[in-house]
Each structure stands twice: as C-alpha cells, then as structure tokens.
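Here are my notes on this structure. Please keep the sequence and the 3D view open as you read.

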Amino acid sequence: MSDRSRMNIPFTLADSKLDGDFLKGTEARGMEQLKGHRTVGGMRASIYNAMPIEGGKRLVEYMREFEAKRV
C-alpha cells in the first residue's frame, strides 16, 4: 500500500456496532473527526505535525477506558 499516508492511523473495533458509542465518547472529550472513510468504515486518527503528543495520549487513554467498560 505505497499510496497510503503514514500520518493517518486507521483502526476498527472488534464489534462495529460499538462505533457510534466510541465516536460519541471521543467527541464528548473534544476529540473530533475520528470517523473513518465512508467506504472503509472504522475510525481514523490523523497525527500530522499540528497534533500534539498529548492528543495521541488522550486518545489512547479513552480507548483503554472504552475497552475496560466492555470487557
């Protein structure tokens, strides 16, 4: 996949039925536009230069919190 950006991190949940809940939670925490491409689905985190490392850490913290509530 030589034409894919290395600055976008696509990911999916084990159960796509939870995508909406996941995205609502990210938006409630000020993390917006994580919805994946319309034809691919899932989520996509963009980590271009303007994204501070704290933003990435906040996303990881939320991902862990989301997972812990569903295990």
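1. First, a term. A residue counts as buried when its relative accessible area is under 20%. By that cut-off, buried residues make up 24% of the 71 residues in the protein. Keep in mind that the model is predicted.

2. Now the elements. The protein has two helices and two strands. Read from the N terminus, their order is β-α-β-α.

3. Next, overall size. The C-alpha trace spans about 35 × 30 × 20 Å along its principal axes. The radius of gyration is 12 Å, which agrees with the value near 11 Å for a compact globule, because the chain has 71 residues.

4. Look at the core. The largest nonpolar core has 10 residues: Phe11, Phe22, Leu23, Met31, Leu34, Met43, Ala45, Leu59, Tyr62 and Phe66. At least two of these residues come from each of helix H1 (19-28), strand E2 (43-46) and helix H2 (53-70). H2 gives the most, with three residues.

5. Pick out one core member, Met31. Which residues does methionine 31 contact, leaving aside its neighbours within four places in sequence? They are Thr26, Arg58, Leu59 and Tyr62.

6. Then the contacts across the chain. Take those with a separation of 6 or more. Residues 24 or more positions apart account for 68% of them.

7. Last, surface and charge. The protein exposes about 5,900 Å², and carbon and sulfur atoms supply 52% of that area. There are 13 positive and 10 negative charges. The mean positions of the two sets are 3 Å apart.

Terms used. Residues are numbered from 1 along each chain as its sequence is written. This is a predicted model: local features need pLDDT of at least 70, side-chain atom pairs count only at pLDDT 80 or more; totals for chains, interfaces and linings use all residues. Side-chain values use heavy atoms; hydrogens and water are left out. Helices (H or I, at least four residues) and strands (E, at least two) are DSSP runs, numbered from the N terminus. The radius of gyration is taken over C-alpha atoms; the globule rule is 2.2 Å times the number of residues to the power 0.38. Buried means under 20% relative accessible area, exposed over 50%, partly exposed in between (1.4 Å probe, protein chains only). Contact means heavy atoms within 4.5 Å. Accessible areas come from the Shrake-Rupley method with a 1.4 Å probe; for residues, only the protein chains shown count as cover. Lys and Arg count as positive and Asp and Glu as negative; His and the chain ends are not counted. The place of a charge is taken as NZ of Lys, CZ of Arg, CG of Asp or CD of Glu. A nonpolar core is a set of buried Ala, Val, Leu, Ile, Met, Phe, Trp, Tyr and Cys residues joined through side-chain atoms within 4.5 Å.
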